[in-house]
Amino acid sequence: MVFKRRQPASFSARLRELVWPRKGFTRGLRYLALRILRLSSSPHSIAMGVAAGAASSATPFVGFHILLALAAAYLFSGNLIAAGIATTLANPLTIPVILASSYEIGTAILGSGAHAPLDGEDMLHMLTHLQLAELWGPVLKPLLLGSLPLAAGSAVVFYIGSFYAARLFQSRRVSRLAEKLKASQAA
């Protein structure tokens, strides 16, 4: 086997890597950030794609984040690859936080007297019996309404950050290539 270890990892080493990866948790995030920055598009296009991905990740449409991101990036002339990669902001660790904050923002916008809160058992009963009309007022309406400012805010923040990061990365790449060309012509 080409990529097999010379000495198999022990059980304790495999268990440790399951809990704490050898290269760290941030390695994947750094890879995705560099993958976005290395795209050969304008900084505006990259930033618009990242903003579309971030905005779609802040919505409660869990199975449709990538479709929403691609549609928004296409409409606003953003980079589709950047939009697809940026949807990884919604992952199993962040989705509960996104949904809870969307719900809290929505109930704050609608006011506290809008509907009586439901407990988990009532919501599960309504979902299993497909009583979505009764879920609309107390759960779905605040969730959808609260996701709008959250999506808009995340789009603005991620657009600004990714625009300046892409512009800086591309200008440094151009200067490095110019120095390399000048050194090769001098030799």
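Helix 8, which spans residues 132-186, supplies three residues to a positive surface patch, the largest share from any element. The patch as a whole consists of Arg35, Arg38, Arg172, Arg176 and Lys180. Of these residues, Lys180 lies in helix 8. Lys180 has a relative accessibility of 61% and therefore counts as exposed, since the cut-off for that class is over 50%. The model described here is a predicted one.

The overall architecture is helical. The protein chain contains eight helices and zero strands, and its elements read α-α-α-α-α-α-α-α along the sequence. Of the 187 residues in the protein chain, 28% are buried. The protein chain exposes about 13000 Å², and 69% of that area is supplied by carbon and sulfur atoms. Contacts that link distant parts of the sequence can be described as well: among contacts between residues at least 6 apart in sequence, 69% join residues at least 24 apart.

Helix 6 gives two examples of such links. This helix covers residues 95-110 and includes Ile109; Ser102 is also found in helix 6. Is Ser102 buried or exposed? Its relative accessibility is 1%, so Ser102 counts as buried; the limit for that class is under 20%. Leaving aside residues up to four places away in sequence, Ser102 touches Ala58, Pro142, Leu143, Gly146, Ser147 and Leu150.

Ile109 has a relative accessibility of 48%, so this residue counts as partly exposed. With residues up to four places away in sequence again left out, Ile109 touches Leu145 and Pro149. Gly146, one of the residues that Ser102 touches, can also be placed relative to Ile109: the two C-alpha atoms are 7.4 Å apart in space, while Ile109 and Gly146 are 37 residues apart in sequence.

The next region is the loop between helix 4 (65-75) and helix 5 (80-86), where Asn79 lies. Phe76 has its place in the loop between helix 4 and helix 5 too. What is the relative accessibility of Asn79? The value is 8%, and Asn79 therefore counts as buried. For Phe76 the relative accessibility is 53%, so Phe76 counts as exposed.

The surroundings of Asn79 can be given in detail. Not counting residues up to four places away in sequence, Asn79 touches Leu39, Ser41, Ser45, Ile46, Gly49 and Ala73. For one of these residues, Ile46, a distance is also available: Asn79 and Ile46 are 33 residues apart in sequence, yet their C-alpha atoms are 5.2 Å apart in space.

Phe76 leads to a second surface feature. Together with Phe61, Phe64, Ile66, Leu67, Leu68, Leu70, Tyr74, Leu75 and Leu80, Phe76 forms a nonpolar patch on the surface. These residues have about 1000 Å² of accessible area together. Which helix gives the most to the nonpolar patch? Helix 4 does, with six residues.

The two patches can be set side by side. The positive patch takes its largest share, three residues, from helix 8, whereas the nonpolar patch draws most on helix 4. Each patch has an exposed residue described above: Lys180 at 61% relative accessibility and Phe76 at 53%. The buried residues described are Ser102, at 1%, and Asn79, at 8%.

Notes:
Residues are numbered from 1 along each chain as its sequence is written. This is a predicted model: local features need pLDDT of at least 70, side-chain atom pairs count only at pLDDT 80 or more; totals for chains, interfaces and linings use all residues. Side-chain values use heavy atoms; hydrogens and water are left out. Patches are made of residues with over 30% relative accessible area and no salt bridge: like charges are joined within 9 Å, nonpolar side chains (Val, Leu, Ile, Met, Phe, Trp, Tyr) within 5 Å. Accessible areas come from the Shrake-Rupley method with a 1.4 Å probe; for residues, only the protein chains shown count as cover. A salt bridge is a side-chain nitrogen of Lys or Arg within 4 Å of a carboxyl oxygen of Asp or Glu. Lys and Arg count as positive and Asp and Glu as negative; His and the chain ends are not counted. The place of a charge is taken as NZ of Lys, CZ of Arg, CG of Asp or CD of Glu. Helices (H or I, at least four residues) and strands (E, at least two) are DSSP runs, numbered from the N terminus. Buried means under 20% relative accessible area, exposed over 50%, partly exposed in between (1.4 Å probe, protein chains only). Contact means heavy atoms within 4.5 Å.
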